[in-house]
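Let's walk through a protein together, one question at a time. Have a look at what is shown below, then try each question before reading on.

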Amino acid sequence: MCGGSLTPFERAVRDILDRVSLVQVVSDYVQLKKTGRTYKGLCPFHSEKTPSFNVNEEKGLFYCFGCQVGGNAVTFLEKAAGLSRIEALRRLSAMTGIPLPEERSVVDPAEEARRQERSELLKALQVAHEFFVDRLQSPGGAIAREYLASRKVPPEVARTYGLGFGGARPMELVAALERRHVSLRHAEAAGLIVRTSLGWQERFHGRLVCPVYNLDGAVVAFSARLIPPDENGPKYINSPETLVFRKGETLFGLYQARTAIRQQHGAILVEGNFDVLSLAAVGVGNVVAPMGTALTADQVRLLARFSDSVTVMFDGDEAGRKASRRAVGPLIEAGLDGRIASLPEGEDPDSLARAQGAKGVREVVSRARPMFLYLVDSLVKIHGWTPHGRRAVVDEVRDVLALERDAARHAIYQEELARLLQIDAAEIRRLLRKAGEPVTTPSAHLADCPEPERRLLELMLLHPELIGRFLDEGDAALLTHPEVRDLYAELCGLASTPGVDPIAAFVERGDVKSRLRAMVCRVLATPEKYPLDPDTEFRSAMRDLKVAALKRQLEALVATGDEDEDLRRVLQRTELKNQINRLLADKAAV
Ligand SMILES: [Zn+2]
């Protein structure tokens, strides 16, 4: 078992988890509301519209009833921020100010090298960003400042979004990087410079630079625009994908917009970075843009952490309308309630904001149509209201509907499609049958576990003092379910370590079977679901367990009994029956 004292590393982990506020950690990703003794919010790990994600601040544990994921602050950061265990611990160590000693056994050399590389890249990007911001204010940055003024982007918006200028003269950035001891190899890996036959070239030189932040507020990439009248090269240049930047998993402006998105219970999705800046300039802050790519389900899932409602407001041209239709699939796939706003031909959010201000933008948003209606309507316009046309619409919609994993919504969409196309509902169902069957998630509950064993276990998790009492008053043999027995043995071992909360230690241990961990977290994240009088509950569960054990003995006796059964067995049986009756009478009397 796990007796003995903790290593300095384990003790630090223990202290960090004791000190850290899980609510604070989670709130960077999920909007939490206090309900009773726990906090609730929309799960960041699966898409949902009613909150089933619970946080127990006191115990430092979370659990989602929807996808059955649970754990502590470390587990949360591993999943939500994509950190390794040691990276998550390092971040929590920084949050709490409790230093984390090195532990040889937990440092995987490959992972350590990757972490080191990431941190070098982030440093290179940060140094470059400071340089760009500085250049925007320099005399050479006048051309960029004038351009921003011409696009009506005020200095305070430029500051909020960290805008910069790539420098008037080439090789200035390289010099700045070298002054700050950033190796050019790392600058190259971060996408800042490119090696050519003529030597190093700066990727963003002479351009207006928009930094792209991750949700930690670190700059992970840049998107740089040509400044008129220069017409050399493409209008926008983005950072390449790197160790710290994946285009399809990043949204421009999300770091700045997330508070507004939460407060306004909705996000506006626009095509370009300047749409984001122009809307921010007129006071509409809940706006993000995909990174110059077609919208991906990963980007929508990122957004869904902050709101379940999104209004797509792309440009009023053919490309914008096509992109709007293509956005419906990812929105459905991520389980979001999407709406599509249509702008008049030739308008874009930037021109709308400049001409009509925040009021005009909000009006367009309020007129946005539910995404599925929009999709079907615009496909009918394209294919025409003919038998061939309507059939073509069904074919195009099939792939989109296959992405809907909620069976009820899937059925509703089918009905809507039948109504909109005036095709018999049964026929639509038949035509759509090729679509993937809606998925249901399996339950991670210990379904096959006898009820009193489950009850006893949940009691012990909520009241760890009962772990020892169970041994005093009962017998481990009362537990028949293998996983319950494993869990109990584990808890006993942890309970014997002085100064350690056995439950917290159990959740913290990496080697725990995840189904057990999920169960522990489910119980602990929602203590209000359990009775408040542990003593009565404990005695009742013990009685039920003993009755169950006696009944098993009795059954075994009956099964092996035969005709020449001796008196001893008859007496044994009677005695077992009496014991069972006494226990049951006891229970009835309570
Ligand atoms: Zn979930």
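**Salt bridges, a sheet and a helix**

Q: Is D535 buried, partly exposed or exposed in this predicted model?
A: The relative accessible area of D535 is 31%. Buried would need a value under 20%, and exposed a value over 50%. D535 is therefore partly exposed.

Q: Which residue meets the side chain of D535 in a salt bridge?
A: Look within helix α24 (residues 534-560), where the two partners are separated by about one helical turn. The partner counts as partly exposed, at 40% relative accessibility. The N to O distance of the salt bridge is 3.3 Å, and the partner of D535 is R539.

Q: Which residues are joined into one network by salt bridges that share partners?
A: One of the links is found in helix α19 (residues 451-462), where E458 and R454 lie four residues apart. Their closest N and O atoms are 3.1 Å apart. The whole network is made up of E451, R454, R455, E458, E537 and D544.

Q: Is E458 buried or exposed?
A: Its salt-bridge partner R454 is partly exposed, with a relative accessible area of 26%. For E458 the relative accessible area is 3%, and the cut-off for buried is under 20%. So E458 is buried.

Q: Which strands stand at the edges of the open sheet?
A: Five strands make up this sheet, in the order β1-β2-β3-β4-β5, with antiparallel pairing. An edge strand has a single partner strand, so one side of it is left without a neighbour in the sheet. The edge strands are β1 (33-35) and β5 (70-71).

Q: Which residue in the turn between β1 and β2 has a positive phi?
A: Three bridges join these antiparallel strands, and one of the bridge pairs is T35 with T38. The strands form a hairpin with two residues between them. The turn residue with a positive phi, about 65°, is G36.

Q: What is the bridge partner of G41 in β3?
A: Strand β2 (residues 38-41) runs antiparallel to β3 (residues 53-56), and three bridges join them. Among these pairs, K40 is matched with N54. The partner of G41 is F53.

Q: How wide an arc do the buried residues of helix α18 cover around the axis?
A: The buried residues of α18 (residues 425-432) are I428, L431 and L432. They lie on the same side of α18 because the arc they cover is only 90°.

Technical notes
Residues are numbered from 1 along each chain as its sequence is written. This is a predicted model: local features need pLDDT of at least 70, side-chain atom pairs count only at pLDDT 80 or more; totals for chains, interfaces and linings use all residues. Side-chain values use heavy atoms; hydrogens and water are left out. Buried means under 20% relative accessible area, exposed over 50%, partly exposed in between (1.4 Å probe, protein chains only). The arc is that of the directions from the helix axis to the C-beta atoms. Two strands pair if DSSP finds at least two bridges between them. A salt bridge is a side-chain nitrogen of Lys or Arg within 4 Å of a carboxyl oxygen of Asp or Glu.
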